[in-house]
Amino acid sequence: MTNNRKLRPATQLVHGGTTRSRFGETSEAIYLTQGFVYESSEAAEARFKGEDPGFIYSRYANPTTDMFERRMCMMEGAEDARATASGMAAISAALLCQLQAGDHVVSARALFGSCRWVVETLLPRYGIQSTLVDGRDLGNFEAAIRPNTKVFFLESPTNPTLEVVDIAGVARLANQIGAKLVVDNVFATPLLQKPLELGAHVVAYSATKHIDGQGRCLGGVILSDKEWIDEHLHDYFRHTGPSLSPFNAWTLLKGLETLPLRVRQQTDNAGRIADFLADHPAVGRVIYPGRADHPQADVCARQMSGGSSLVAFELKGGKSAAFALQNALEVVQISNNLGDSKSLVTHPATTTHKNLSEEARDELGIGPGVVRLSVGIEDCEDLVDDFERALSAL
């Protein structure tokens with residue numbers, strides 16, 4: 001498969017980066033191997049010196065994992081990538097590989113709980129200062145800049161309240177001071193938002209979510225230009241070992257083939273359900289990037305080509321109403337995962353963001369009545385019926 005032509009996303013995600021063995025297999029091969037054999041001692045020496053291209057050890061690189069990385073590069077418009085064992089391995093590596101004691105990070109405060117722990121708790125343990133800001137106002141990023149600021153970090157839309165951050169605006173600030181912008185793009189997927197095209201320097205995914213999208217395996221990926229990967233990530237990745245297993249890489253390759261179909265259906269369903277929930281008297285507010293009443297609707301229109309498969313909404317009855325709703329749903333299942341073919345619902349205050357202080361949750365708008373819905377590919381009428389029945393029981 002030639003990579004010389006610019007193929008459209010659905011075609012890239014079926015064919016991109018594929019290599020075949022001499023057997024000419026249709027599906028990508030799974031190279032379940034730890035190491036590789038060399039024809040001679042001289043060949044091994046040349047391989048380790050970088051004079052002979054090829055694989056050395058699956059902790060560094062593997063043929064199946066390489067196919068996944070190249071396919072993601074085509075989709076994202078990136079020069080290079082490294083696949084990791086989980087989404088959090090990707091986030092941690094993307095930050096730690098380029099920081100050292102004395103550096104400063106400015107991060108949007110609305111983050112997945114584990115991402116916030118890395119920024120707020122882990123980085124300071126290594127002498128790396130961090131400042132959390134309200135990412136909805138670009139001026140907050142600018143005001144937080146220090147002489148030692150090296151990295152900006154954000155996710156957009158945010159987990160779980162679907163705030164949207166101006167990626168292009170933060171990228172301009174980063175460029176002005178020679179810093180790098182790292183974007184967690186998991187909620188938007190590479191189909192609905194292209195952070196690198198908006199000026200971001202590094203993009204990271206939990207491939208566990210939409211990329212697999214069928215509840216099967218963990219995975220992550222970091223994408224950037226080749227210079228950044230070579231200078232910052234290559235040695236960190238090689239020596240600390242957050243690499244993705246070849247079997248999981250193969251599973252994710254299969255997930256990519258159907259990603260456009262699933263995301264299209266999920267997004268269509270999410271928009272319809274968001275509209276239904278917004279009109280229900282038991283619901284106090286709905287936050288969905290595809291709606292005109294989203295607080296950052298203008299930014300959504302500039303940087304996203306679709307809403308998202310996620311919907312956040314707040315029930316007027318607080319935690320008891322949220323629990324009652326979740327327990328009454330029959331088609332939609334309770335889970336802290338997202339991006340799955342199955343519709344999943346969670347109560348962030350008692351699960352994914354439980355470890356935040358009550359003050360921090362209030363600051364982020366994660367009240368006791370807030371519910372995060374990850375919309376699947378089921379028939380939308382069945383999903384609406386499920387919510388209508390469950391809400392009527394409150």
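Where is the place of Arg291? Here are some notes on this predicted model, starting with that residue.

1. **Arg291 and its surroundings.** Arg291 sits in the loop that runs between strand S8 (283-287) and helix H12 (297-303). Its side chain reaches the side chain of Asp293 in a polar contact of 2.9 Å. If you set aside the neighbours within four places in sequence, the residues in contact with Arg291 are Ala274, Asp275, Ala278, Val286 and Ala297. Two of the elements already named come back among these contacts: Val286 falls within the range of S8 (283-287), and Ala297 within that of H12 (297-303).

2. **Glu28 and Arg71.** Let me turn to charged pairs. A search of the whole structure gives 23 salt bridges. One of them joins Arg71 to Glu28, with 2.7 Å between the closest N and O atoms. This pair ties together distant parts of the chain: Arg71 belongs to helix H3 (residues 63-76), while Glu28 lies in the loop between helix H1 (9-15) and helix H2 (41-49), and the two are 43 residues apart. Are the two partners buried or exposed? Arg71 is buried, at a relative accessible area of 0%, and Glu28 is buried as well, at 6%.

3. **Glu28 and Lys254.** Glu28 also takes part in a salt bridge with Lys254, at 2.8 Å from N to O. Here too the link is between distant parts of the chain: Lys254 is in helix H11 (residues 246-278), Glu28 is in the loop between H1 and H2, and 226 residues separate them.

4. **Lys254 and Glu257.** Lys254 has a further salt bridge, with the side chain of Glu257, at 2.9 Å from N to O. Both of these residues belong to helix H11, where they are three residues apart, about one turn of the helix. Glu257 is partly exposed because its relative accessible area is 26%, a value that lies between the 20% limit for buried and the 50% limit for exposed. Elsewhere, salt bridges with shared partners connect Arg109, Asp134, Arg136, Glu163 and Glu363 into one network.

5. **The sheet with S8.** What is the order of the strands in the open sheet that includes S8? Five strands build this sheet in the order S8-S9-S12-S11-S10, with mixed pairing. S8 and strand S10 (333-334) are its edge strands, each pairing on one side only. Within the sheet, strand S11 (residues 344-346) and strand S12 (residues 370-374) are antiparallel and are paired over three bridges. Thr346 has Arg372 in S12 as its bridge partner.

6. **Strand S7 and its partners.** Strand S7 (residues 220-224) is mostly covered, with five of its five residues buried. Gly220, Ile222 and Ser224 point one way from the strand, and Val221 and Leu223 point the other way. In a regular strand, side chains alternate between the two faces of the sheet. S7 runs antiparallel to S1, to which five bridges join it, and Ala83 stands opposite Val221. S7 is also antiparallel to strand S6 (residues 202-206), with four bridges between them; there, Ala204 has Ile222 as its bridge partner.

7. **Cavities.** How many cavities of 30 Å³ or more does the structure hold? There are two, and the largest has about 60 Å³ of space. Its lining includes Ser58, Arg59, Tyr60, Ala61, Asn62, Phe237, Ser243 and Leu244. Thr65, Asp66, Glu69 and Ala83 are also among the lining residues, and H3 gives the largest share of that lining, three residues. Ala83 thus appears twice in this note, as a residue lining the largest cavity and as the one opposite Val221 in S7.

8. **The largest pocket.** The largest pocket offers about 700 Å³ of space. It is lined by 26 residues, of which Gly54, Tyr60, Ala61, Arg82 and His234 are closest to its centre. At least two lining residues come from each of H2, H3, strand S1 (80-84) and helix H10 (226-240). Tyr60 and Ala61 line the largest cavity and also belong to the residues closest to the centre of the largest pocket.

Technical notes: Residues are numbered from 1 along each chain as its sequence is written. This is a predicted model: local features need pLDDT of at least 70, side-chain atom pairs count only at pLDDT 80 or more; totals for chains, interfaces and linings use all residues. Side-chain values use heavy atoms; hydrogens and water are left out. A polar contact is a pair of N or O atoms within 3.5 Å; within protein, one must be able to donate a hydrogen and the other to accept it, and residues adjacent in sequence count only if both atoms are side-chain atoms. Contact means heavy atoms within 4.5 Å. A salt bridge is a side-chain nitrogen of Lys or Arg within 4 Å of a carboxyl oxygen of Asp or Glu. Buried means under 20% relative accessible area, exposed over 50%, partly exposed in between (1.4 Å probe, protein chains only). Two strands pair if DSSP finds at least two bridges between them. On a 1 Å grid over the protein atoms alone, a cavity is a set of points where a 1.4 Å probe fits but cannot get out, and a pocket is an open set with protein on both sides within 12 Å along at least five of seven lines; lining residues have an atom within 4 Å of a point. Grid points are joined across faces, edges and corners, and a volume is the space filled by probe spheres set on the points.
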